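This briefing is for a reader meeting the structure for the first time. It begins with the interior and then turns to helix packing, the chain as a whole and confidence.

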Amino acid sequence: MANTGVLNRGWVFRLETTPEQNIALLAQTDGRRGIWNMLHEWWQMSSSHHLPSMKDLDTVVRQGRKDIDWMAAVSAQAAQQVIRDYLGAWRTCWAGHGTVGPPRFRSRHRDRPSVDAPQARDLRITRISDKFSTITITKIGRVTFRRHRAIPSSARITGATMSYSQGHWWVALRMQLRRPTPLPTDRPAVGADRGITIPVALSDATFIGHADWLTPAEKRRMLLLERRCARQRHHRWNTRGKRTPLGANEFKTSAAITVLRERVARRRRDWQHNLSRYLASTYSGVAMEKLNVMGMSASASGTVAEPGTNVAQKRGLNRAIRAEAWSSLQQKTAYKVDEVGGIFATVRAAGTSTECHHCGSNAPGQRESQALFTCANPQCGWTGNADYNAALNIEHRAFGRATPSALTPGLELCPDVGLTAAARPGHTPGKPTRKGDVAEARRQVSRGCGNNTQAQNAHA
Ligand SMILES: [Zn+2]
C-alpha cells in the first residue's frame, strides 16, 4: 500500500429496519440477484465471438426496468452496478489465470443478499441522536442505523452496500479516511508465530490465546441442533427422496445452526481486530510466516516440522477454518500496521519451527514435543518453548538480529518459558471473546516467567 494520505475503508453499521423496509430491501436484493442471473444466462448463451458489451447489457437492463416489476424494484444506479460487477467478475477471472473461477448463478440460499448504492450524494447521512443516524436508500427512504462508532467529520463517503446476515440488515459505508499520524518508529519489532495449541506466540515471549469460541452450553446446543438437522434430513430422504427441498422444520434447524456459526465468526473477527490493533500500536515492525494454504489443506499425516501427532484432530473442516482465520488475521494486521506507519513483513515459512533461533542449528529431532524445543548443538543447547523459538526465527528473518526484542547474549531465559496455561492441568477457559484477551496480553508483555501465558488449547 502506498503511503498516500487517504485510507479506503468500509465500515459496517447495523440498520434498524421496520418490517416494511425489510420487505423492500429484500425486493431490491432479490432484484439484483435476478439481474445478475439474467446477465449470466445471456452471457452463457452468447457465442464467444459475440459476447454482449457493456452497452448491450445496459440497454437490456434499462428496458427490463421499464417492463418488469421485480427489475424495477432495483434502482437505476444499483442495476448499473450489477452490470459493472458482472463484467468485473469476468475480468478478475481472466486476470486470475485459473486461480479465480468464472462468475456463476447466484442462489438465494448460498449467496448473501446484498445491493449497492453507488452514489454517495443520495445517501444523505443524518445524525438524529447520540446513538443513531439515518441513511436514505433509494426507493425505500430514510432508514435508521446504529452508529456504534463515530464517523469522523473529515471522512468522505463514497458509496454504500446493504446486505443481510445474522438476522439483520447491515450497511457498509465505503469511505476515505485521513491517515492517522504515524506512531514513533523506535518501538520494537516482533515476530508472530501462528499455531494450533498457542494461537499466536510473539518473539517477546508473549503468548496470546482466546477462549473457545462457543461456551459449553452453546456447544451442547450446537451438537443437539446438528443431530436434529441430520435426523430431519434423513427422514426427508427416506420419505421424499434426496433431491427435495428442505422441510419447514429442517429449515428452522439449519437457520439455528447458522446463527451459532455466525456467532463464532463474529467472535473470531472481534478477537482478530483487537489483536491486530494491539500488534500495530505496540510494535513498529510485525512479521509473520507466509501462509501455505495448499500445504495446510493437504494431508493430515503431518509434515517434517510437525509429524502427525494430532492426526485425528486435524480434520479438514477445522483446518480450513483455521487457514481462513490465519489469513484474515494477517490481512487485518497488515493494513493496521501500515496505517500507523509501521512495517509488516512475511517470511519464508520453511524451517522456522525446526531451526534454533540462537545458533541456527537445524539438526533433526530438536523439536522434542509440541511445546518444547531443545537445541542439539552442544555449544548452544538453548531450550525453551517451540513456538517462542519459531517466533524469534520469524523476527530474525524479517528484521535481522539487532532489533531490541531479539535474544541478546547474557539474557537469562526462564527455564519454563514454554509452560503455557494450555499445558497446565486444570486450566479453565475464561469467558469467550471480549477485549479482555488482548488487554490481558498487553499487561503481560514482559519477559517474566510464568505470567506470560494466556494461551489455551482452543482447538485440540
Ligand atoms: Zn542452538
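In this predicted model, the largest nonpolar core has 32 residues, and those touching the most other members are Ala192, Ala201, Leu279, Val286 and Ala391. Both strands and helices supply two or more residues to this core, and H9 gives the most, with eight.

**Nonpolar cores**

- The strands that give two or more residues to the largest core are E8 (189-194), E9 (200-202), E10 (207-208) and E11 (285-289).
- The helices that do so are H6 (248-282), H8 (316-339) and H9 (386-399).
- Leaving aside residues up to four places away in sequence, Ala192 touches Val200, Leu202, Leu279, Val286, Ala287, Met288, Ala391 and Ile394.
- Another core, of 25 residues, lies apart from the largest one; Ala79, Val115, Phe145 and Met175 are among its members.

**Packing of H2 and H4**

- Helix H2 covers residues 54-67 and helix H4 covers residues 76-95; they pack at an angle of about 145°, and their axes are 10 Å apart.
- The crossing in which H2 passes H4 is right-handed.
- On the H2 side the contact is made by Met54, Leu57, Asp58, Val61 and Arg65, and on the H4 side by Ala76, Ala79, Ile83 and Leu87.
- Sorted by class, this contact of H2 with H4 holds seven nonpolar residues, two charged residues and no polar ones.
- Ala79 of H4, which takes part in this contact, is also one of the residues of the 25-residue core.

**The chain as a whole**

- Ten helices and 14 strands are found in the chain.
- The chain has 460 residues, of which 27% are buried.
- Among contacts in the chain with a separation of 6 or more, 69% join residues 24 or more positions apart.

**Confidence**

- The chain has a mean pLDDT of 79, with 79% of its residues at 70 or more.
- Confidence is highest in helix H5 (residues 216-240), with a mean of 95, and lowest in helix H10 (residues 436-443), with a mean of 42.
- Residues 297-310 have pLDDT below 50, and this stretch has 15 contacts in the model beyond near neighbours in sequence.
- Residues 403-460 also have pLDDT below 50, and here the model has 107 contacts beyond near neighbours in sequence.

Key. Residues numbered from 1 in each chain as written. Predicted model: local features only at pLDDT ≥ 70, side-chain atom pairs only at ≥ 80, totals over all residues. Axes fitted to C-alpha atoms, helices over the stretch in contact; angles between N-to-C directions. Helix = DSSP H or I, 4+ residues; strand = E, 2+ residues; numbered from the N terminus. Left-handed = near helix turned anticlockwise from the far one by under 90°. Contact = placed C-beta atoms within 7 Å. Nonpolar A, V, L, I, M, F, W, Y, C, P; charged D, E, K, R; others polar. pLDDT = per-residue confidence, 0-100. Core = buried A, V, L, I, M, F, W, Y, C linked by C-beta atoms within 7 Å. Buried ≥ 20, exposed ≤ 12 C-beta atoms within 10 Å, placed from the backbone.
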